[in-house]
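Me: I have a chain open on screen and want to check the labels put on its helices. Can we go through the reasoning step by step?

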Amino acid sequence: MFNTTLGPATNLYMNSTTPDGSRGPPPWYQFPVCAVAPYGFIFYFGVKVFNLAVGTPCNILVIWQIATKKSDASTSDIFIFNLAILDAYFCLMTPIEMVNRLLLDDSRIWYFQRFAYGVKDVAPLFLVCICLDRYIAVVHPVLFTGIRDNKIRIGISVVVWALILAYGLTKCTLGVMSVNEVFSGVILFAFAVMVFCNISVIWVLRRSVAGKEEMHPVKKKAFKMVLIILAIIVSNYLPPVALMPFVSYYTFVEFRCQISISVFSIMDLSCSIEPLLYITKMDGLSCRYCGQSFSKKTQDVKV
């Protein structure tokens with residue numbers, strides 16, 4: 001399971017030479033055989049343009065909001081800040097990638113493209129950190145009060161950055177296949193952890209109002225936010241988890257021209273969806289109620 005849209009076009013198509021023997025620009029649908037089913041690439045380029053137009057300013061706004069926030073900060077903001085940096089970088093690579101993919105086909109530029117896709121491949125690690133942070137705050141509020149120190153989260157972020165850069169550099173220099181198994185493991189692990197954390201949070205919030213006619217407005221807002229987050233996680237990361245294990249059953253055209261390009265385009269949409277969610281939410285997934293509803297020892301807990 002790997003992003004098959006990342007290899008140099010010179011290695012991916014065979015019949016792109018002009019009559020005089022010189023090689024022309026690669027086909028916009030990557031493979032000559034994809035001419036019969038180019039719709040996945042239309043979706044791919046549409047997502048690229050959308051991320052550049054929407055994702056870039058949204059991620060920059062998230063970075064600015066968190067960097068300038070002096071009070072009322074969430075403990076998850078450190079992870080959100082780092083994720084926004086990764087997504088902004090990936091979005092800003094769009095013009096370079098499109099020019100090289102459609103016109104230049106320069107193997108040197110492909111190194112930078114593979115690195116960009118490498119850091120995007122494992123960016124869900126920061127989503128895992130966010131989900132775990134919120135899970136502990138809601139499900140284990142007493143434990144959360146003992147690990148609220150942001151130095152812990154800064155240390156975790158440094159470790160995640162080291163893993164991301166190591167993965168990106170490996171993919172950049174050794175090629176896509178060198179990190180195939182790692183990518184599969186990261187996506188499966190991240191998806192499982194994120195779904196478990198969000199379902200656990202939903203269960204605790206629902207159980208906290210058992211027997212009551214109405215849920216507290218703060219809890220109701222948090223409940224809806226977690227449901228939205230869970231829906232985004234499932235829609236963005238379920239396709240690769242569900243479809244990629246069956247690669248051997250697909251024809252070349254089905255996999256290269258339709259399935260893989262569409263699946264990874266859906267994953268790339270997270271570059272815009274995640275910052276939009278952060279910007280549009282009012283007070284965020286506030287867990288101040290954790291101290292009031294789950295433990296008297298917890299004071300003003302926020303994630």
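Reply: Start with the order of elements. Along the sequence, the protein chain reads α-α-α-α-α-α-α-α-α-α-α-α. Its secondary structure comes to 12 helices and 0 strands. Keep in mind that this is a predicted model.

Me: Why are H2 and H7 called roughly parallel?

Reply: Look at the angle. Helix H2 (residues 77-92) and helix H7 (residues 150-174) pack at about 25 degrees. Angles under 35 degrees count as roughly parallel. H2 and H7 are therefore roughly parallel to each other. Their axes lie 9 Å apart, and the crossing is right-handed.

Me: Which residues make the contact of H2 with H7?

Reply: H2 brings Ile78, Phe79, Asn82, Ile85 and Leu86. H7 brings Asn150, Arg153, Ile154, Ile156, Ser157, Trp161 and Ile164. By class, that contact has 8 nonpolar, 3 polar and 1 charged.

Me: What makes H2 and H11 oblique?

Reply: H2 packs against helix H11 (residues 270-280) at an angle of about 140 degrees. Roughly antiparallel needs an angle over 145. Roughly perpendicular covers 65 to 115. The value of about 140 degrees meets neither cut-off, and the rest count as oblique. So H2 and H11 are oblique to each other. The axes are 10 Å apart, and H2 passes H11 in a left-handed crossing.

Me: Which residues of H2 meet H11?

Reply: Asp77, Ile80, Leu83, Asp87, Phe90 and Cys91 do. Their partners in H11 are Ser270, Cys271, Glu274 and Tyr278. The split here is 6 nonpolar, 1 polar and 3 charged.

Me: How do you know that H1 is roughly parallel to H10?

Reply: The axes of helix H1 (residues 39-68) and helix H10 (residues 252-268) cross at roughly 20 degrees and come within 8 Å. The cut-off for roughly parallel is under 35 degrees. That makes H1 roughly parallel to H10. H1 passes H10 in a left-handed crossing. On the H1 side, the contact includes Phe41, Tyr44 and Lys48. On the H10 side, Arg256, Ile261 and Asp268 are among them. The contact of H1 with H10 divides into 7 nonpolar, 4 polar and 3 charged.

Me: What share of the protein chain is buried?

Reply: Buried residues make up 53% of the 303 residues. To count as buried, a residue must have under 20% relative accessible area. The accessible surface comes to about 14500 Å², and 68% of that belongs to carbon and sulfur atoms.

Technical notes: Residues are numbered from 1 along each chain as its sequence is written. This is a predicted model: local features need pLDDT of at least 70, side-chain atom pairs count only at pLDDT 80 or more; totals for chains, interfaces and linings use all residues. Side-chain values use heavy atoms; hydrogens and water are left out. Axes are lines fitted to C-alpha atoms, for helices over the stretch in contact, and angles run from 0 to 180 degrees between N-to-C directions. Helices (H or I, at least four residues) and strands (E, at least two) are DSSP runs, numbered from the N terminus. A crossing is left-handed if the near helix is turned anticlockwise from the far one by less than a right angle, and right-handed if clockwise. Contact means heavy atoms within 4.5 Å. Ala, Val, Leu, Ile, Met, Phe, Trp, Tyr, Cys and Pro count as nonpolar, Asp, Glu, Lys and Arg as charged, and the others, Gly among them, as polar. Buried means under 20% relative accessible area, exposed over 50%, partly exposed in between (1.4 Å probe, protein chains only). Accessible areas come from the Shrake-Rupley method with a 1.4 Å probe; for residues, only the protein chains shown count as cover.
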